[in-house]
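Subject: Structure handover

Hi there,

Here is the structure I promised to pass on. Have a look first, and my notes follow just below.

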Amino acid sequence: MLEQVDPVRAMQIVSEVSAKTGYAFKSEETVKIIQHTARKCELNGKDLEYFYILLENELRDFLMRASINALGELNRRRRELCAIYAT
């Protein structure tokens, strides 16, 4: 499926999500998300049109996971600092 993906259309979707969220996806991130999306479509027997719908969702999910991970890391560091200053 990956060889059938229209790179212009895929990058249009990436640009739209970028514009809506204010996040500039790095090239490596974009490639991995596109590969992941194609793999999900293949595993679930979905067609190319579904890929483009799923791509937008996968980009947003990537940002949500990154945000959750960043908050988790921030909380972990706060706990460490509190433990250091509590002693």
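To begin with a single residue: does Thr30 count as buried or exposed, and what is its relative accessibility? The model is predicted, so please read everything here with that in mind. The relative accessibility of Thr30 comes to 7%, and with the cut-off for buried set at under 20%, Thr30 counts as buried. Thr30 sits in helix α2, which covers residues 27-43. Leaving out residues up to four places away in sequence, Thr30 touches Met11, Val14 and Phe25.

Two of those partners are worth following up.

Met11 belongs to helix α1, residues 7-21. With a relative accessibility of 39%, Met11 counts as partly exposed. If you want a sense of distance across the model, take Met11 and Glu73: 62 residues separate them in sequence, and their C-alpha atoms are 30 Å apart in space.

Phe25 is the other partner, and it leads to the aromatic residues. Phe25 has a relative accessible area of 12%, so it is buried. Tyr23, at 28%, is partly exposed. How many aromatic pairs does the structure hold? There are 3 of them. In one, the ring centres of Tyr23 and Phe25 lie 5.0 Å apart with 80 degrees between the planes, so this pair is edge-to-face. Phe51 and Tyr52 make another edge-to-face pair, with 5.2 Å from centre to centre and planes at 85 degrees. Both of these residues, Phe51 and Tyr52, are buried. There is also an aromatic cluster, made up of Tyr23, Phe25 and Phe62.

Ser18 connects to this part of the story as well. Ser18 is found in helix α1, and its relative accessibility of 17% makes it count as buried. Setting aside neighbours within four places in sequence, Ser18 is in contact with Tyr23, Ala24 and Phe25. Phe25 is thus listed among the contacts of Ser18 and also among those of Thr30.

Now for the whole chain. What does the secondary structure come to? The protein has 3 helices and 0 strands, and along the sequence the pattern reads α-α-α. The radius of gyration is 17 Å, whereas the globule rule gives 12 Å for 87 residues; the value is well over the rule, so the protein is more spread out than a compact globule. Along the principal axes, the C-alpha trace spans about 60 × 30 × 20 Å.

A few totals may be handy for your set-up:

- Of the 87 residues, 26% are buried.
- The exposed area of the protein is about 6300 Å², and 57% of it is supplied by carbon and sulfur atoms.
- Taking contacts between residues at least 6 apart in sequence, 65% join residues at least 24 apart.
- The protein carries 13 positive and 13 negative charges, and the mean positions of the two sets are 9 Å apart.

If you would like somewhere to start in the viewer, try Thr30 with Met11, Val14 and Phe25 around it, then move on to the cluster of Tyr23, Phe25 and Phe62.

Happy browsing, and all the best!

Notes. Residues numbered from 1 in each chain as written. Predicted model: local features only at pLDDT ≥ 70, side-chain atom pairs only at ≥ 80, totals over all residues. Heavy atoms only, no water. Helix = DSSP H or I, 4+ residues; strand = E, 2+ residues; numbered from the N terminus. Rg over C-alpha atoms; globule rule 2.2 N^0.38 Å. Buried < 20%, exposed > 50% of the residue type's maximum accessible area, 1.4 Å probe, protein only. Contact = heavy atoms within 4.5 Å. Areas by Shrake-Rupley, 256 points an atom, 1.4 Å probe, with all protein chains shown as cover. Lys, Arg positive; Asp, Glu negative; His and termini not counted. Charge placed at Lys NZ, Arg CZ, Asp CG, Glu CD. Phe/Tyr/Trp six-rings, centres within 6.5 Å; stacked < 30°, edge-to-face > 60°.
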